[in-house]
There are 2 protein chains.
Amino acid sequence: MDLVWICIIAGLAAAGVVAFFVRYVLKQDQGSEKIKEISAAIKEGGLAFIHREYLTLGIVVVIIAIILAVVPGLGWRLSVAFVFGAICSMGAGYAGMNMALRSNGRTCAAAQKGLNQGLRVSFRGGAVMGLTVVSIGIIGLSVLYLLWHEHQNFLFIIPAYGTGASLVALFARVGGGIFTKGADAGSDLVGKVEAGIPEDDPRNAAVIADNVGDNVGDVCGMGADLLESYVETVIATMTLTTVGVVIAPWLTNLFPGLSTEAALQAAWWLPLLVLAGGIVASIIGCFLVRVGEKVDMSALLGALRRGTLGATILTAVFGFLVIYFLHASLGLFWAMLAGLVAGALMGESTNYFTSYAFKPTQEISEASTTGAGATIIRGFANGLMSTWPPIVLIALAIIVAYRFGSFYGVALAAVGMLSTLGVTLATDAYGPIADNAGGITTQAGLPEEVRERTDALDSLGNTTAATGKGFAIGAAAMNSLGLILAFAMAAGIVTISSTTGQLEPFPEALSLLSVPVIVGILIGALMPPIFCAMTMKSVGVTTSAIIEEVRRQWREIKGLMEGTARPEYSKCVDIATKIALKQMLLPSIMTIVAPVIVGVVLGKYALAGFLIGALATGFILAITLNNAGGAWDNAKKWIESGKFGGKGSDAHKASVVGDTVGDPMKDTAGPSLNIMLKLMSVISLMLAPVLMHFGGLI
Amino acid sequence: MDLVWICIIAGLAAAGVVAFFVRYVLKQDQGSEKIKEISAAIKEGGLAFIHREYLTLGIVVVIIAIILAVVPGLGWRLSVAFVFGAICSMGAGYAGMNMALRSNGRTCAAAQKGLNQGLRVSFRGGAVMGLTVVSIGIIGLSVLYLLWHEHQNFLFIIPAYGTGASLVALFARVGGGIFTKGADAGSDLVGKVEAGIPEDDPRNAAVIADNVGDNVGDVCGMGADLLESYVETVIATMTLTTVGVVIAPWLTNLFPGLSTEAALQAAWWLPLLVLAGGIVASIIGCFLVRVGEKVDMSALLGALRRGTLGATILTAVFGFLVIYFLHASLGLFWAMLAGLVAGALMGESTNYFTSYAFKPTQEISEASTTGAGATIIRGFANGLMSTWPPIVLIALAIIVAYRFGSFYGVALAAVGMLSTLGVTLATDAYGPIADNAGGITTQAGLPEEVRERTDALDSLGNTTAATGKGFAIGAAAMNSLGLILAFAMAAGIVTISSTTGQLEPFPEALSLLSVPVIVGILIGALMPPIFCAMTMKSVGVTTSAIIEEVRRQWREIKGLMEGTARPEYSKCVDIATKIALKQMLLPSIMTIVAPVIVGVVLGKYALAGFLIGALATGFILAITLNNAGGAWDNAKKWIESGKFGGKGSDAHKASVVGDTVGDPMKDTAGPSLNIMLKLMSVISLMLAPVLMHFGGLI
């Protein structure tokens with residue numbers, strides 16, 4: 001029997017649990033009429049955005065699919081795989097967001113009964129996203145494998161699947177990110193700051209847009225992002241086995257005792273089976289998230305931790321079994337474990353640098369007493385400093401994985417890192433649901449104690465979201481590196497020595513110190529900052545438009561401020577949608593086109609340098625922006641909890657500036673960088689058969 | 001005759017002009033008693049700081065000199081060259097700063113007569129710095145050349161000279177940068193913001209420290225920075241000719257018609273003679289800076305432009321003549337010209353992104369109307385966006401120079417870029433003098449019209465300072481790259497093909513995609529953000545201490561606020577000095593130690609990756625921080641000129657936050673990065689004979 005059927009079974013099991021959770025959530029009380037009404041408005045806005053976004057996306061996907069089909073040397077299968085990847089990503093994002101939109105009101109209603117009920121509904125709502133992503137991911141890969149793995153161009157076809165997923169992810173992250181932060185900042189500035197009314201006040205026409213944003217940016221975007229990492233790690237691992245070389249004897253060293261044929265087979269099965277093990281572990285992890293009757297914050301956090309930690313340990317065990325039964329060398333287990341551990345620790349490091357339970361964030365709060373300038377400087381310095389643990393962890397994981405499993409080991413480390421995605425993503429997607437529930441609580445005028453409970457859930461969600469983001473960045477970096485290596489092999493830039501398993505570059509051209517490579521590195525290093533600048537500016541444009549619209553409504557709709565008339569919420573959603581979709585095009589197209597231009601004009605060696613240069617600055621920038629943003633957010637919350645003068649003090653005002661600055665950094669620019677790095681790498685890999693003929697003009 | 005005597009003559013000519021300018025400035029009226037008194041206090045503080053800084057530095061230099069002398073394989077000459085480099089750098093910084101300290105009061109007095117007089121005194125004060133640096137630089141190199149160029153280890157000795165200069169520059173930039181911005185922010189926060197008294201108000205105990213800071217950071221630090229670039233370009237060019245290989249036939253291709261011996265000789269002379277030509281051009285350029293009787297801002301700017309542009313054209317002509325008479329290939333002229341032009345255009349690009357005459361900065365002012373958050377986001381996005389022209393210009397210069405002159409051409413392009421340093425640095429060092437003069441004007445209670453004139457000079461100084469900073473970064477990047485290439489050759493990582501003139505790496509190990517190189521790139525990319533985080537935090541520490549001290553004086557000294565008692569200015573200077581010197585140690589030592597550790601632990605190939613990784617993120621970060629900071633400063637000035645509500649409006653308050661954030665970025669962290677990149681590269685080059693034996697543990 002082809003062992004890939006095990007993966008399909010694991011994927012179906014995840015789908016089964018998803019169905020169970022969906023049923024569970026939908027059975028819950030929807031709350032009062034008011035809650036239903038607000039939640040319906042958010043749902044309407046969210047779906048309207050996603051439909052429009054998918055329409056734009058559909059056009060881009062079709063255009064690229066046609067181009068791929070006609071470029072000589074690629075072939076129609078590649079085009080089909082590309083479209084399939086795009087559809088999988090759209091489906092995962094859609095399913096996750098749809099569920100989140102149905103969980104927010106129910107969480108709110110459940111929180112009226114107690115914290116534990118609120119946690120359960122919101123977590124299971126989030127778990128639908130997590131498990132849907134891994135289910136779609138593994139089934140999609142397995143289907144492609146079963147269909148075409150005996151086709152001679154199989155290893156050129158699967159990158160197209162990744163590219164399709166990646167493209168959708170980029171648009172979802174950038175478009176959703178611009179929408180969510182534009183609406184958030186606009187709503188806050190015109191409401192809290194200008195008119196002096198509370199956050200989420202129903203008189204503010206932008207509040208629904210703000211709530212919609214949490215769903216389209218944080219849920220849908222995050223899901224698409226991680227689906228992409230998930231499938232691309234497998235693609236990179238498979239590609240690294242054989243592209244461009246005859247099946248290498250070193251592969252049989254990693255699978256001692258197997259024939260060359262069998263070793264290749266096992267090398268393709270291994271990443272898929274590790275993921276299958278991770279899915280089972282994640283399902284168990286999801287059920288480990290439960291608290292007793294006596295509930296406090298640390299118990300809640302403990303419950304989530306138990307889920308992720310349990311899944312991590314189980315994944316290691318399953319991974320060991322897979323490696324044992326495939327007769328693979330034990331070294332590959334260490335490689336996988338290096339990735340798994342590095343991923344978990346990266347999440348912890350993000351938590352340390354962004355949670356107000358620790359010194360770095362507390363110091364930002366303290367700096368706020370000297371003014372907003374000090375808040376920004378301290379927070380930015382904190383963000384820059386926070387880059388060291390992830391970089392060192394990734395470097396160590398690479399060293400360990402390489403020592404034990406050559407480049408195949410490095411790619412397998414990325415698989416290990418992503419194997420627990422089901423439960424990690426569940427804890428992450430739970431955050432925006434809790435955030436939304438908090439917003440609905442205020443708008444529906446529920447008692448203060450309910451808002452306190454949803455705030456507690458939200459605060460916990462911030463912690464898990466930070467951890468999830470750290471994980472997503474690390475996964476993107478590992479994955480991008482795997483793809484770059486795969487690209488280099490596919491483009492015939494390097495070959496793996498048939499005896500040592502080490503890379504053998506064609507001398508000269510790929511030297512770190514050759515001019516094409518240096519120029520490539522410099523130009524590549526330039527991409528992430530330009531991309532961030534574009535997306536951050538786009539948020540500003542959206543914010544201004546939202547502010548104008550809310551002001552217009554206050555001016556023109558009589559009785560709005562007195563609470564006797566209703567604002568036109570959908571207008572704000574509409575405006576944010578239009579602008580976000582328009583603004584997402586330029587940075588996204590730049591990301592798609594840049595590697596192609598560099599490859600054609602400067603040649604494939606410069607393109608390798610370009611990808612590494614982008615990885616270096618992109619990784620650093622992504623961590624800095626995410627952690628600075630997260631820490632500013634929590635430094636404000638720390639002051640709001642009564643420190644340094646509490647709410648309304650000068651320190652609080654300074655910390656609000658920090659939060660405003662951090663929002664587009666941590667929710668638009670930073671997370672989009674992950675996808676940008678992966679997309680540029682996977683496009684290069686997909687076009688490798690074409691680009692290998694370009695030597696460059698330098 | 002050895003042609004290097006020409007360089008000594010050019011250096012002496014520059015020294016003669018320096019003497020003439022010194023005489024000119026010292027002859028000027030020192031102004032009223034009040035001005036003399038204030039200016040004396042600034043001088044006292046500045047000299048006290050520099051003496052203490054040089055004491056700390058002296059200890060570090062002696063320790064390192066002893067280590068160098070005892071490490072096997074290096075030798076005493078290297079140690080002597082190192083100390084000589086340190087002394088040259090200290091001397092240049094000291095001379096420039098001393099002159100600046102004597103020019104500030106005189107500029108103030110001259111500005112009482114008119115704008116033109118003010119410009120002349122301040123510009124000539126700055127020109128002393130510019131010409132001193134090039135004079136010391138070229139004479140120092142020539143002396144080393146004449147002493148030891150026939151010694152077999154000459155090419156291992158001269159990098160030590162650069163390392164000595166670099167080490168002093170790093171301490172001067174970091175220590176001075178922390179001092180100046182700590183004092184500036186402390187003075188502003190406690191004075192303007194907290195007590196509501198004007199900037200430079202004499203009742204503020206920190207004002208003198210603030211004025212001292214302009215001199216120790218901007219003048220002394222900038223001088224040491226550029227002296228380092230200046231000498232290191234020559235060192236890199238010389239090293240690239242022959243280290244590690246027999247004298248290569250390709251060299252004779254670049255000097256057609258010469259014997260191998262003569263070609264080597266000419267290849268060593270060429271960079272020195274290009275610099276000599278640049279010195280003569282710079283001297284002429286300095287005298288071109290003059291305005292007629294009718295003076296306005298654009299005429300002032302035009303005068304400075306005429307100086308730099310004239311020098312650039314003349315340098316190109318002299319460079320052509322040098323190449324012609326040395327019988328070098330015309331290609332080398334194009335290589336030199338590529339660097340010269342790229343340097344000039346990089347300055348212009350910085351001007352575009354930071355001057356309020358252009359859209360980017362105006363947009364920051366406009367964003368300020370929505371609040372401080374928008375100011376920061378727009379400014380930061382602007383800074384990120386501004387990275388593209390310098391990177392593209394450097395990439396183009398590298399491509400052109402490489403095509404026409406191989407790696408020797410790339411190093412020569414850096415020489416071309418720095419050849420006009422004499423006049424460029426003059427226009428740059430003039431800024432802080434004008435800034436100081438403005439401070440003294442307010443403290444001495446001179447009429448409003450005088451302050452307006454010094455403000456005009458200051459504003460012009462901001463523009464030239466921005467241009468100068470862009471130039472300094474570009475020069476650092478080019479220079480660092482040259483040093484990395486030289487390191488790779490000296491460490492035996494690569495050799496130059498004896499026929500093609502291209503690099504021939506030992507296969508595998510230096511491949512961009514080998515694990516040591518990738519790990520090296522990642523760890524290297526980490527250094528600049530950590531370094532920035534450290535220095536920015538240090539500014540915060542200094543600021544807090546200054547604020548405490550000023551508050552203490554207001555509390556304890558009776559009659560201070562009423563103006564009947566004098567604050568203890570020297571206390572603030574003292575505190576800032578102590579903290580700055582303490583805080584500069586950790587980031588500086590990290591910079592010195594990191595390449596050594598990477599080289600020993602991860603090996604020489606990883607070290608090459610490390611240096612390139614640091615260059616990629618360091619270059620991007622330096623441009624971003626400098627330009628974001630410069631633009632925030634000018635966005636505030638644009639609002640103060642009456643736009644968007646003018647002084648005191650909400651937009652103005654928001655723009656002040658931007659300015660506060662930008663200060664430590666543009667005057668401490670950003671410029672220090674230049675030196676950090678160069679220092680890590682030149683240390684690697686210096687230790688290459690030792691590091692070449694480390695293969696690394698990966």
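**Exercise 1. A glutamate in helix 6**

Glu232(B) is found in helix 6 of chain B, which spans residues 207-242. The model treated here is a predicted one. Determine whether Glu232(B) is buried or exposed, and establish which residues Glu232(B) touches beyond those up to four places away in sequence.

*Solution.*

Step 1. The relative accessible area of Glu232(B) is 0%. Buried means under 20%, so Glu232(B) is buried.

Step 2. With residues up to four places away in sequence not counted, Glu232(B) touches Gly162(B), Thr163(B), Ser166(B), Asn479(B), Leu483(B), Lys678(B) and Val682(B).

Step 3. A separation along the chain can be set beside one in space: Glu232(B) and Val415(B) are 183 residues apart along the chain, and their C-alpha atoms are separated by 9.0 Å.

**Exercise 2. A threonine that touches Glu232(B)**

Locate Thr163(B) in its helix, classify its accessibility and list its contacts beyond residues up to four places away in sequence.

*Solution.*

Step 1. Thr163(B) belongs to helix 5 of chain B, residues 154-195.

Step 2. Its relative accessibility is 3%, so Thr163(B) counts as buried.

Step 3. Leaving out residues up to four places away in sequence, Thr163(B) touches Phe82(B), Glu232(B), Leu679(B), Val682(B), Ile683(B) and Met686(B). Val682(B) also appears among the residues that Glu232(B) touches.

**Exercise 3. The crossing of helices 13 and 15 in chain B**

Classify the packing of helix 13 against helix 15 of chain B, and describe the residues of their contact.

*Solution.*

Step 1. Two packed helices are described by the angle between their axes and the distance between the axes.

Step 2. The axes of helix 13 (residues 388-418) and helix 15 (residues 448-490) of chain B come within 9 Å and cross at roughly 120°. Helix 13 of chain B is therefore oblique to helix 15 of chain B.

Step 3. The crossing of these two helices of chain B is left-handed.

Step 4. From helix 13 of chain B, the contact involves Ile394(B), Ile398(B), Phe407(B), Val410(B), Ala413(B), Ala414(B), Met417(B) and Leu418(B). They meet Phe471(B), Gly474(B), Ala475(B), Met478(B), Asn479(B), Leu481(B) and Leu485(B) in helix 15 of chain B. The residues of this contact divide into 13 nonpolar, two polar and no charged.

**Exercise 4. Helices 9 and 10 of chain B**

Decide how helix 9 of chain B is oriented relative to helix 10 of chain B, and give the makeup of their contact.

*Solution.*

Step 1. Helix 9 (residues 297-325) and helix 10 (residues 330-354) of chain B pack at an angle of about 170°, with their axes 9 Å apart.

Step 2. Angles over 145 degrees count as roughly antiparallel, so helix 9 of chain B is roughly antiparallel to helix 10 of chain B. Their crossing is right-handed.

Step 3. Helix 9 of chain B contributes residues including Arg305(B), Thr312(B) and Phe320(B), while those from helix 10 of chain B include Leu332(B), Glu348(B) and Asn351(B). The residues of the contact divide into nine nonpolar, four polar and two charged.

**Exercise 5. A packing between chains**

Classify the orientation of helix 16 of chain A to helix 18 of chain B, and state which residues meet.

*Solution.*

Step 1. The axes of helix 16 of chain A (residues 515-556) and helix 18 of chain B (residues 604-640) come within 10 Å and cross at roughly 40°. Helix 16 of chain A is therefore oblique to helix 18 of chain B.

Step 2. The crossing of helix 16 of chain A and helix 18 of chain B is right-handed.

Step 3. Ile521(A), Leu522(A), Ala525(A), Leu526(A) and Pro529(A) meet Ile612(B), Ala616(B), Phe619(B) and Ile620(B). The residues of this contact divide into nine nonpolar, no polar and no charged.

**Exercise 6. Positive phi values**

Give the phi values of His327(A) and Phe644(B), and place each residue in its loop.

*Solution.*

Step 1. Most residues other than glycine have a negative phi.

Step 2. His327(A) has a positive phi, near 60°. His327(A) lies in the loop between helix 9 and helix 10 of chain A and, at 48% relative accessibility, counts as partly exposed.

Step 3. Phe644(B) likewise has a positive phi, near 50°. Phe644(B) is in the loop between helix 18 and helix 19 of chain B and, at 36% relative accessibility, counts as partly exposed.

Definitions and conventions:
Residues are numbered from 1 along each chain as its sequence is written. Chains are lettered from A and ligands numbered from 1 in the order in which they are written. This is a predicted model: local features need pLDDT of at least 70, side-chain atom pairs count only at pLDDT 80 or more; totals for chains, interfaces and linings use all residues. Side-chain values use heavy atoms; hydrogens and water are left out. Axes are lines fitted to C-alpha atoms, for helices over the stretch in contact, and angles run from 0 to 180 degrees between N-to-C directions. Helices (H or I, at least four residues) and strands (E, at least two) are DSSP runs, numbered from the N terminus. Angles under 35 degrees count as roughly parallel, over 145 as roughly antiparallel, 65 to 115 as roughly perpendicular and the rest as oblique. A crossing is left-handed if the near helix is turned anticlockwise from the far one by less than a right angle, and right-handed if clockwise. Contact means heavy atoms within 4.5 Å. Ala, Val, Leu, Ile, Met, Phe, Trp, Tyr, Cys and Pro count as nonpolar, Asp, Glu, Lys and Arg as charged, and the others, Gly among them, as polar. Buried means under 20% relative accessible area, exposed over 50%, partly exposed in between (1.4 Å probe, protein chains only).
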